[in-house]
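This report introduces a structure to a reader who has not seen it before. The sequence and the model are shown first, and the text then turns to selected parts of the fold.

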Amino acid sequence: MTGSIAFLSETRSDCDLNACGLTLNIGRQRLTEEEFNALLLKAQKEGVLERQVKMLKGEVVNTSENRQALHTSLRSEDPASPHYEEVNETRERMYALAEAVRNGQWLGATGKKITDVINVGIGGSEMGPHAVYHALRDINPSIRLHFLSAVDGVLADRILGVLNPETTLTVISSKSFSTRETMLNAELVNEWYEKAGIRTQKERACHVFLVSAKESACQEMNLPEENRFPIWSWVGGRFSVWGAIGLPLVIALGPDVFKAFLRGAHEMDRHMIGAKPEENLPLTLALLSYWNSTKLSMVSHCLLPYDERLRLVVAWLQQLEMESLGKSVRPDGSIITTRTGQAVWGGFGNEAQHSFYQWLRDGSSRTSIDLVWCDEPGHTHAHHHLVLNANAQAQAEALVTRQSPSEEFFNAVTTIRIKKLTPETLGAFMALYEHKTTMLATLYGLNAFDQPAVEYGKRLCRELETKLSR
Ligand SMILES: O=P(O)(O)OC[C@H]1O[C@H](O)[C@H](O)[C@@H](O)[C@@H]1O
């Protein structure tokens, strides 16, 4: 035994779990097999898997907003899944537009081929597409994606200052179509087109598309109805990359890549429903997080991918988990007295070794860690890959061992091996964390799908903006 709490590998012989091209090793978690089995029983008692099934079937699980949470329908290939028809129709429209842009049938207002796409959106309307684009883009993409998120003129200038409006398409993504940052950035982009002589509705319709749940969005922007791709109230922003919020991805990466991304996620959905609890990847991650947070007082969780392609998944996961689980009141208004969701942070593992690993390993806090690497490289520099993965595997060990075995225990590590990072395995990887998050919400007794604190902040900002502009 190392420190005061054992590694799971000391009491459980097989600590590997496999599904959808991913292998989790949970041997460096700090609990015994008996304690892990007790967690499985708790999951059964709390009906964690049953609640997931209810979510997939379209029960109203977002009770504070009286909504379904059907992000799984966006990637479903099953015509019996809720809302299949409208999802499929929207997908087909996305694929058709993307094909036309990619093969040069769809041209800008002055007859030029589209080379760049700007995604104007923030939060869930940016982080998913940004993470996926960073993971799957080519070295020199024929259509480049740019992300205009914060309401910061520097960011806008850096994007608009180098692009040609005649060859740029813009997707304004906002589920509510009222997010201040996005609306202001949309205005800036519209002015940019206008200055370039792209002014009439017909001309602007060649360049500007809207992704929104708001039916009057096109009217507000003076665009034809065909330029809106719907998302729906039954998909939460942070769970929305699988639908029309992914439109810029479909254009930049191509429909086939996007379809494969959805397929991988759908495969994870099937695993989540069908696998035995003890072999269930998302359930395992959820139970370990629950244990680490409530029993071992690990307030933070660190995601450390050892792969450039997964760098931005950290920010995506941060929003997913922290907006979903950063709550301490149950839907019935009662207060939760135990710890709830962990603070999620992290970075590219190899760089982080030269930055915050000192704190992780020798500091006075305990942290739970997911350390990720890919068996196959996404490049041809074999020696680089060998050194990178040697670092990943060495750190998985270094982060849980201290010089003196008598010292207090500290971190808990899960390693996640991705055999090969493909659109499918990326989809499975992201869906894994979505299910982990919603399962944790059941374990804590929380609603994962609302964000009252964010809305409160938005309200205060609107009031202050009015005062400051007087
Ligand atoms: O898509 P929008 O309606 O513009 O919302 C963008 C973002 O707004 C807020 O920050 C919410 O907390 C996020 O969950 C959401 O993704």
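Two strands are taken to pair if DSSP finds at least two bridges between them. In this predicted model, strand β8, which covers residues 300–306, runs parallel to β9 and is joined to β9 by 4 bridges. One bridge partnership can be named, since Ser 300 has Ala 343 in β9 as its partner.

These two strands belong to an open sheet of 6 strands, whose order is β1-β2-β11-β10-β8-β9 and whose pairing is mixed. At the edges of the sheet stand β1 and β9, each of which pairs on one side only. Averaged over the sheet and with direction ignored, neighbouring strands are turned by 20° against each other. In general, strands of a sheet pair through backbone hydrogen bonds, which may be parallel or antiparallel in arrangement.

Helix α16 lies across β2, β8, β10 and β11, and runs at about 155° to β10. The residue ranges of the helix and of some of the strands it lies across are listed here.

| Element | Residues |
|---|---|
| Helix α16 | 382–398 |
| Strand β2 | 22–28 |
| Strand β10 | 367–374 |
| Strand β11 | 412–418 |

A residue in another helix can be described in more detail. Thr 90 is found in helix α4, which spans residues 84–102. Because its relative accessible area is 6%, and buried means under 20%, Thr 90 counts as buried. Leaving aside residues up to four places away in sequence, Thr 90 touches Phe 229, Pro 230, Trp 232 and Ala 244.

As for confidence, the mean pLDDT of the chain is 95, with 98% of its residues reaching 70 or more, and the model scores ipTM 0.98 and pTM 0.96.

Conventions. Residues numbered from 1 in each chain as written. Predicted model: local features only at pLDDT ≥ 70, side-chain atom pairs only at ≥ 80, totals over all residues. Heavy atoms only, no water. Axes fitted to C-alpha atoms, helices over the stretch in contact; angles between N-to-C directions. Contact = heavy atoms within 4.5 Å. Buried < 20%, exposed > 50% of the residue type's maximum accessible area, 1.4 Å probe, protein only. pLDDT = per-residue confidence, 0-100.
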